[in-house]
Amino acid sequence: LRVYSKLPGLLFPHLERVFSKKGYLLASGIIAGASYLFLGITHLLWISLVFLLLLAGFGLTRYVLFDHYVNKFIPTGKRATVLGTINMIEFFLLGITFPFIGKLVEWNIELTLIILGIVCISFSLISRVKEEHLID
């Protein structure tokens, strides 16, 4: 999956022309959310594999793009402190949410995937990222 997740990154210049930078972030979030939704709905292995590959390919490329854009707004002298704080907050939130998601999976994995898909799509749609903040 890690090798496959590099494919959208290699295709990013083409995808950027098709969607724009903000459009790519929106589309990749919606594709990842829709993949979670369909993984929760479908029980066919080959369809599940397709959606799992879509999820890995488009969901994992978002981190690379966010890191690239965040680094542009942080002064070099403060970058280590700010990125360390961001990572600490991220891992703190993951430490809170992962046990909750784990309990949901124990209860019902299909419903958990559907909930994750809805949350992912919702956060993608309410994102306030502006195109001018994504300038290289």
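Helices here are DSSP runs of H or I with at least four residues, and strands are E runs of at least two. The model you're working with is predicted.

**Exercise 1. Work out how many helices and strands the protein has, and in what order they come.**

Step 1: count the runs. The protein comes out with seven helices and zero strands.

Step 2: read along the sequence. The pattern is α-α-α-α-α-α-α.

Step 3: check how the chain packs against itself. Take the contacts between residues at least 6 apart in sequence: 73% of these join residues at least 24 apart.

**Exercise 2. Find what share of the residues is buried, and what the accessible surface is made of.**

Step 1: apply the cut-off, with buried meaning under 20% relative accessible area. Of the 136 residues, 26% pass as buried.

Step 2: turn to the surface. Its accessible area is about 9400 Å², and carbon and sulfur atoms account for 74% of that.

**Exercise 3. Describe the largest pocket: its volume, its centre and its lining.**

Step 1: get the volume, which is about 1700 Å³.

Step 2: look at the centre. There are 37 lining residues, and the closest to the centre of the pocket are Arg62, Tyr63, Glu90, Leu94 and Phe123.

Step 3: assign the lining to helices. At least two residues come from each of α3 (21–41), α4 (45–59), α5 (61–73), α6 (79–107) and α7 (109–125). The most comes from α6, with 11 residues.

Step 4: sort the lining by chemistry. You get 27 nonpolar residues, six polar ones and four charged ones.

**Exercise 4. Track down the salt bridge and say where its partners sit.**

Step 1: search for pairs with a side-chain nitrogen of Lys or Arg within 4 Å of a carboxyl oxygen of Asp or Glu. The structure holds one such salt bridge.

Step 2: name the partners. They're lysine 103 and glutamate 106, at 3.4 Å from N to O.

Step 3: place them. Both belong to helix α6 and sit three residues apart, about one turn of the helix.

Step 4: check the exposure. Lysine 103 and glutamate 106 are both exposed.

**Exercise 5. Place tyrosine 36, classify its exposure and list what it touches.**

Step 1: locate the residue. Tyrosine 36 is part of helix α3.

Step 2: classify it. Tyrosine 36 has 25% relative accessibility, so it counts as partly exposed.

Step 3: list the contacts, skipping residues up to four places away in sequence. Tyrosine 36 touches Leu55, Leu113, Ile114, Leu116 and Gly117.

Step 4: compare sequence and space. Tyrosine 36 and isoleucine 118 are 82 residues apart along the sequence, yet their C-alpha atoms are 8.3 Å apart.

**Exercise 6. Do the exposure and distance steps for phenylalanine 38 and leucine 111.**

Step 1: start with phenylalanine 38, which sits in helix α3. Its relative accessible area is 40%, so phenylalanine 38 is partly exposed.

Step 2: pair phenylalanine 38 with leucine 52. The two are 14 residues apart in sequence and 9.5 Å apart in space, C-alpha to C-alpha.

Step 3: move on to leucine 111, in helix α7. With a relative accessible area of 30%, leucine 111 is partly exposed.

Step 4: pair leucine 111 with isoleucine 41. Along the chain they're 70 residues apart, while 8.6 Å separates their C-alpha atoms.

Note on methods: Residues numbered from 1 in each chain as written. Predicted model: local features only at pLDDT ≥ 70, side-chain atom pairs only at ≥ 80, totals over all residues. Heavy atoms only, no water. Buried < 20%, exposed > 50% of the residue type's maximum accessible area, 1.4 Å probe, protein only. Contact = heavy atoms within 4.5 Å. Areas by Shrake-Rupley, 256 points an atom, 1.4 Å probe, with all protein chains shown as cover. 1 Å grid on protein atoms, 1.4 Å probe; cavity = no way out; pocket = protein on both sides within 12 Å on 5 of 7 lines; lining within 4 Å. Points joined across faces, edges and corners; volume = space filled by probe spheres on them. Nonpolar A, V, L, I, M, F, W, Y, C, P; charged D, E, K, R; others polar.
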